[in-house]
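Reader: I would like to talk through how the labels on this model are earned. Could you take me through the reasoning, one term at a time?

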Amino acid sequence: MAATLIDGKAVAAGLRLRIAEGVAGLAAAGHVPGLAVVLVGEDPASQVYVRSKARQTVEVGMRSIEHRLDAATPEAELLALVCRLNDDPQVDGILVQLPLPAHIDSARVIEAIDPAKDVDGFHPMNAGRLATGTGGLVPCTPLGSLMLLKTVRPDLAGLEAVVVGRSNIVGKPMAQLLIAESCTVTVAHSRTRDLPAVARRADILVAAVGRPQMVKADWVKPGAIVIDVGINRILAPELGEGKTRLVGDVDTEAAAAVAGAITPVPGGVGPMTIACLLANTLTAACARRGLRTPLA
Ligand code: NAP
């Protein structure tokens with residue numbers, strides 16, 4: 001069986017078009033949504049993400065506000081900036097790029113963000129809202145993963161879902177979203193016994209581990225939908241000496257022979273993350289004006 005490849009780039013492009021329409025509607029009513037991104041230090045991967053976020057923010061018609069702070073910035077200074085952004089009426093979304101330097105307490109910074117502007121969905125208030133099914137802003141990567149799932153299977157009710165990984169930013173919110181879709185959800189992690197057997201139960205298998213190509217073909221139930229969240233850079237001698245390439249947490253080529261549908265890496269979940277960040281910013285901008293998001 002050859003799995004359907006779920007094209008995250010195309011789905012993300014479609015979502016950005018809908019966002020741009022929504023932004024144009026708000027702009028016509030006098031408000032251009034604004035997304036503030038705060039980067040502390042010079043982590044190269046974070047710099048790439050922040051550049052890409054800023055470019056796509058502008059492309060959908062929003063205002064991009066960037067704050068680049070020195071790696072040695074004291075925590076109090078960062079917290080003061082977050083407070084100013086909370087109070088700034090031009091700012092609808094605030095994202096503090098993680099990871100932060102070791103001397104800064106990330107949890108304290110996340111908790112300082114106004115939950116109504118927390119477009120990453122990491123604030124405990126938004127995590128609680130997701131867990132209780134009472135709205136709020138949802139973390140972007142799981143939100144994008146769910147959208148991809150629904151392109152191949154709109155109704156997920158009753159399916160067995162296994163999420164490998166229990167981080168606050170991917171695994172746990174992914175599990176909450178799948179519970180809300182009426183799946184029967186198992187969350188696996190590094191202490192799970194016989195992970196291949198657990199994974200084989202899954203009609204929906206989400207891998208969010210950070211271990212290159214860990215999920216093998218014989219972990220996949222025939223016909224399952226496999227969502228590969230992992231982004232790992234590995235050496236690729238076949239491309240030349242010292243060259244690298246990106247792979248996911250799933251052995252994609254082998255798993256695609258068994259799965260019903262699978263997301264590639266790159267080009268699967270990755271493009272959805274920034275698109276969902278923009279979607280959350282539009283949602284936040286509408287909610288702050290008492291409007292329903294046009295994306296619902
Ligand atoms: P994380 O915080 O490091 O969490 C990894 C999870 O995997 C943990 O729950 C850990 O279990 C579990 N794990 C580690 N080794 C395992 C093993 N051998 N067997 C079973 N479970 C194992 O990572 P994350 O932030 O959730 O990210 C996961 C992956 O997604 C990474 O590759 C990251 O780069 C990628 N990611 C991609 C996007 C995107 O836009 N596509 C966004 C975010 C993250 P314990 O809890 O027991 O330690």
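Author: Gladly! This is a predicted model, and a good place to begin is Ser 190, where an N or O atom of the side chain is 2.5 Å from an oxygen atom of the ligand.

Reader: What makes that pair at Ser 190 a polar contact?

Author: The definition asks for a pair of N or O atoms within 3.5 Å. The Ser 190 pair is 2.5 Å apart, so it counts as a polar contact. Ser 167 qualifies on the same grounds, because an N or O atom of its side chain is 2.5 Å from a ligand oxygen.

Reader: And why does His 189 count as a polar contact?

Author: A backbone N or O atom of His 189 lies 3.5 Å from a nitrogen atom of the ligand. The cut-off is within 3.5 Å, so the His 189 pair is accepted too.

Reader: How do you know how much of the ligand the protein covers?

Author: The ligand taken alone exposes 930 Å², and the protein buries 71% of that.

Reader: What makes a residue part of the shell around the ligand?

Author: One of its heavy atoms must lie within 4 Å of the ligand. There are 22 residues around the ligand, and Arg 166, Ser 167, Ser 190, Arg 211 and Thr 273 come nearest. The most from one element is three residues, given by α10.

Reader: Which classes make up that shell?

Author: Ten of its residues are nonpolar, ten polar and two charged. Gly is counted among the polar residues.

Reader: Now the largest pocket: what is its volume, and which residues are closest to its centre?

Author: Its volume is about 1200 Å³. Of its 44 lining residues, Tyr 49, Thr 141, Ile 231, Gly 270 and Thr 273 are the closest to the centre. Thr 273 is also one of the residues that come nearest to the ligand.

Reader: How do you know that both domains help to line the largest pocket?

Author: Its lining draws at least three residues from each of domain 1 (30–114) and domain 2 (140–270). The C-alpha centres of these domains lie 29 Å apart. By element, α2 has the largest share of the lining, seven residues.

Reader: And what lines the second largest pocket?

Author: That pocket holds about 620 Å³ of space. It has 24 lining residues, with Val 138, Leu 143, Met 147, Thr 283 and Ala 296 nearest its centre. Here α1 gives the largest share, four residues.

Terms used. Residues numbered from 1 in each chain as written. Predicted model: local features only at pLDDT ≥ 70, side-chain atom pairs only at ≥ 80, totals over all residues. Heavy atoms only, no water. Domains from an automatic or database assignment. 1 Å grid on protein atoms, 1.4 Å probe; cavity = no way out; pocket = protein on both sides within 12 Å on 5 of 7 lines; lining within 4 Å. Points joined across faces, edges and corners; volume = space filled by probe spheres on them. Helix = DSSP H or I, 4+ residues; strand = E, 2+ residues; numbered from the N terminus. Polar contact = N/O pair within 3.5 Å; in protein donor to acceptor, adjacent residues only side chain to side chain. Areas by Shrake-Rupley, 256 points an atom, 1.4 Å probe, with all protein chains shown as cover.
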